[in-house]
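Trainee: Please take me through one strand in the middle of this fold, starting from a single residue and working outwards. I'd like to see what surrounds that strand and what happens in the loop that follows.

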Amino acid sequence: MWRSRFALILCLLVCLAGVCCTSSQQGSGGGGGGEAAKSYLLEGKVISLNSAKKEITLQHKEIPGYMAAMTMPFKVKDEWIFGVAQPGDEVHGTLVVSSTRGGGSYIQNVSINKAGATAAASTTSAVHIPAVGEQPPDFSFIDQSGNRIRLRQFRGRPVVLTFIYTRCPLPDFCIRMSGNFAQLARELKASDPALFGKLRLLSISIDPEYDKPAALKRYGTAYAGEIDPGFEHWKFVSGTVAETRRAAEFFGLTYVPEGGQIVHSLRTVLLAPDGRIAAQWEGNEWRPSDVVAELQKLNRARAVAKQEKPGNL
């Protein structure tokens, strides 16, 4: 009896010193509201940065005990990173994952290894984030039928463009972008045929060495075959390596060939009939209904502008 009392007194004394007698261990995953967050070592390559959202998209290695290797965005707390890191840099840090439901995660203790000074011709360099109202250059491409097209030929029509490559295996990247475009075309064709008739969709390949017209046509048929079998409204295009890089850099897309695949970010842009940027979406969280809403807004604004012309009064 005296031994158990002595142990209890000793435990109370230890608790008063700031350390409680408990079988729980930090980060063990046990119950209780005071459970500490878990930490994991993180290594990856920078794909893109978003200072407004305080996010960095990494192609990261496997995180043992937590996550397989993949490409995804992470929250960061150190704002200095956005003035230093560039796509292609290697990042090492600690991923902190909250133990509470909905608590989220973030990266801390970040170190950056800069990429080589000489980038390959098939990768992007410093990223330009375009502004709404900005006029893109008159980029030139070859479409799925072998025809040369230029952005300027779509003046007078709204254009929605995105970037893909036909061998992309990731369901949340090119596959989702092409699926979203197919859903957008399908919904608009059914709900507003007149607006669909004006619309042009442009899927730009970032793999020009493989995505020649034949490959683009096979890929395009899989997504647009039932909606637009003649590719009148939806075109799948590629350019030279240099032209592809210029277009990607202008629209804020980063990509790095690696291991037979292309690690890349996602950008989708709506061009107004005058050729200027009307709206843009980063990542894969946008929905076809978001684009439809912006297209309808453009359509209404154009109708009002026509009515207000002196000749229509």
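**A threonine and its strand**

Mentor: Happy to! Start with T162, which counts as buried at 1% relative accessibility (buried is under 20% relative accessible area, exposed over 50%, partly exposed in between; 1.4 Å probe, protein chains only). This is a predicted model, where local features need pLDDT of at least 70 and side-chain atom pairs pLDDT 80 or more, while totals for chains, interfaces and linings use all residues. Residues are numbered from 1 along each chain as its sequence is written, and side-chain values use heavy atoms, without hydrogens or water.

T162 sits in strand β8 (strands are DSSP E runs of at least two residues, helices H or I runs of at least four, numbered from the N terminus). Its side chain has a polar atom 3.1 Å from the backbone oxygen of R267. The side chain of T268 also makes a polar contact with that of T162, again at 3.1 Å (N or O atoms within 3.5 Å, one able to donate a hydrogen and the other to accept it; sequence neighbours count only if both atoms are side-chain atoms). Beyond four places in sequence, the contacts of T162 (heavy atoms within 4.5 Å) are M177, F181, L202, S203, I204, R267 and T268.

Now widen the view to the sheet. β8 belongs to an open sheet of 7 strands with mixed pairing, ordered β7-β6-β10-β9-β8-β13-β14 (a pair needs at least two DSSP bridges). At its edges stand β7 (148-150) and β14 (277-282), each pairing on one side only. On average, and ignoring direction, neighbouring strands are turned by 30° against each other (axes are lines fitted to C-alpha atoms, for helices over the stretch in contact; N-to-C angles run from 0 to 180 degrees).

β8 (residues 159-164) runs antiparallel to β13 (residues 267-271), and 4 bridges join the two. One example is L161, whose bridge partner in β13 is V269. Helix α2 (residues 174-191) packs on this sheet, where it touches β8, β9 (200-205), β10 (234-238) and β13, and its direction makes about 155° with that of β8. Helix α6 (residues 288-307) packs on the sheet as well, touching β8, β13 and β14, at about 170° to the direction of β14.

What about the loop that follows? R167, in the loop between β8 and α2, forms a salt bridge with D207, with the closest N and O atoms 2.9 Å apart (a Lys or Arg side-chain nitrogen within 4 Å of an Asp or Glu carboxyl oxygen). D207 lies in the loop between β9 and α4 (213-224), so the pair links parts of the chain 40 residues apart. The two ends differ in exposure: R167 is partly exposed, with a relative accessible area of 43%, whereas D207 is buried at 9%.

Look at the cysteines here too. The sulfur of C168 is 3.1 Å from that of C174, its closest cysteine sulfur, which is too far for a bond (a disulfide needs two cysteine sulfurs within 2.5 Å). C174, in turn, is in no disulfide, and the structure holds 0 of them. Both cysteines are buried, C168 at 8% relative accessibility and C174 at 0%.

Finally, consider the loop between β7 and β8, home of R152. The side chains of R152 and D138 meet in a salt bridge of 3.3 Å, N to O. D138 is in the loop between β5 and β6 (140-143), so this pair ties together parts 14 residues apart in sequence. D138 is partly exposed at 25% and R152 exposed at 52%. With R150, these two residues are linked in a network of salt bridges.
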